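Welcome! Here is a short tour of some backbone and strand features. Please have a look at the model first.

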Amino acid sequence: MGTGHFFWVIFYFASLCSASLANNAKINFREKEKKVLDQILGAGKYDARIRPSGINGTENLPTYVYVNMFLRSISKIDDYKMEYSVQLTFREQWTDERLKFDDIQGRLKYLTLTEANRVWMPDLFFSNEKEGHFHNIIMPNVYIRIFPNGSVLYSIRISLTLACPMNLKLYPLDRQICSLRMASYGWTTNDLVFLWKEGDPVQVVKNLHLPRFTLEKFLTDYCNSKTNTGEYSCLKVDLLFKREFSYYLIQIYIPCCMLVIVSWVSFWLDQGAVPARVSLGVTTLLTMATQTSGINASLPPVSYTKAIDVWTGVCLTFVFGALLEFALVNYASRSDMHKENMKKKRRDLEQASIDAASDLLDTDSNATFAMKPLVRHPGDPLALEKLRQCEVHMQAPKRPNCCKTWLSKFPTRSKRIDVISRITFPLVFALFNLVYWSTYLFREEEDETF
């Protein structure tokens, strides 16, 4: 056997020995970890029902629990039910002097447990929770880490549906503050105090996308509550959501404007086109009413007026006003026809009286003794003509009125109503838009204090 072959045989046996020693070391290390767990959590050595002591083992001080969380997603914000759903990783950390152990010269960094009932747990609950569940796929998403100094870290992934009381006065130009409240259920502040972890207690996943909202900012605060049984520690996170207006601009505001403008088309139709004008007015009115009912169906019945109610109410009023305008035009048109018939009858009577007077003058001119009367009869056409000329000369000269001069181009009242409506309706609607947007946008800026 050559020297090289002998060397490789020795190297192979040395590798086997080292691997065997490493495996034995790992087994021995796991055995030591098991011994440590049995030492601190063995039967009769640790009671999970007893609260840990305060700082430095002081019995008369409360146990301090430091809380932090990671917001993984916010799935929906429901305006009708006034609630929102969130998925988060929730963490608590406290110190339990009874769980101290030897770290084997820094080799054992922490012990990991998956059973929360093995150690004492704070009785925290979410006070504004409606529904909630843990995640158990593939394994329960929970762990407990015990550090050598007795510090305990509890982490769990949960999904919650939380109540979020909303003020919808500025809807859909509003901002909403939704809170996440956590409090102790049974331990008072004399025994248990929750504190936010220093640094960054709340983290939010990057690229958080919500369908109709934007998460602008969030704040952490304390909300301790006092009841008949004592004072209880409480933490809260306030999330400020801004509603995305582009969706409502496309789905509500622009269609309503279009319906109002379409209702003005009837002002340009002929007065005799009664079926066209009636069908146009009724169709736009029903469409606007359907749009309004659809908007209100997605919102809770509240006792105050919302910004969207003002908009839809005024738009509905404009559409209804256009329908009433046609009724007024129709009435004025019939009145104009009646006056035209009366004028025609009066002209026929005047013509008949003139013809009769002419015949009478022709008859009197044949007589030698015919004489002109000194005073004309009030019904004499010549006397009436002279009286009109005198009235015209007696009237003082007036300055021409632009509006009256322009309206005089339209002989009938019905036509004048249509022409005035063509100008008045768009001007009033534009003025309403100016007041509406300036009012609610200005209020939105005022309510930005958070």
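## A pair across two strands

Let's begin with leucine 111, which stands opposite isoleucine 146 in E6. Leucine 111 belongs to strand E3 (residues 111-113), and 3 bridges join E3 to E6, the two running antiparallel. Strands (E, at least two residues) are DSSP runs numbered from the N terminus, and two strands pair if DSSP finds at least two bridges between them.

This is a predicted model: local features need pLDDT of at least 70, side-chain atom pairs count only at pLDDT 80 or more, and totals for chains, interfaces and linings use all residues. Residues are numbered from 1 along each chain as its sequence is written, and side-chain values use heavy atoms, with hydrogens and water left out.

## Strand E6 and its hairpin

The side chains of E6 alternate: Val142, Ile144 and Ile146 point to one face and are buried (under 20% relative accessible area, 1.4 Å probe, protein chains only). Tyr143 and Arg145 point to the other face and are not buried.

E6 is also joined to E7 by 5 bridges, again antiparallel, and tyrosine 143 stands opposite serine 155 in E7. These two strands form a hairpin with 4 residues between them, where glycine 150 in the turn has a positive phi of about 95°.

## Unusual backbone spots

Most residues other than glycine have a negative phi, and most peptide bonds are trans. The bond from isoleucine 137 to isoleucine 138 is cis, with omega near -5°; isoleucine 138 is in the loop between strand E5 (129-134) and strand E6 (142-146).

Asparagine 207 has a positive phi, near 60°. Because its relative accessibility is 67%, asparagine 207 counts as exposed (over 50%).
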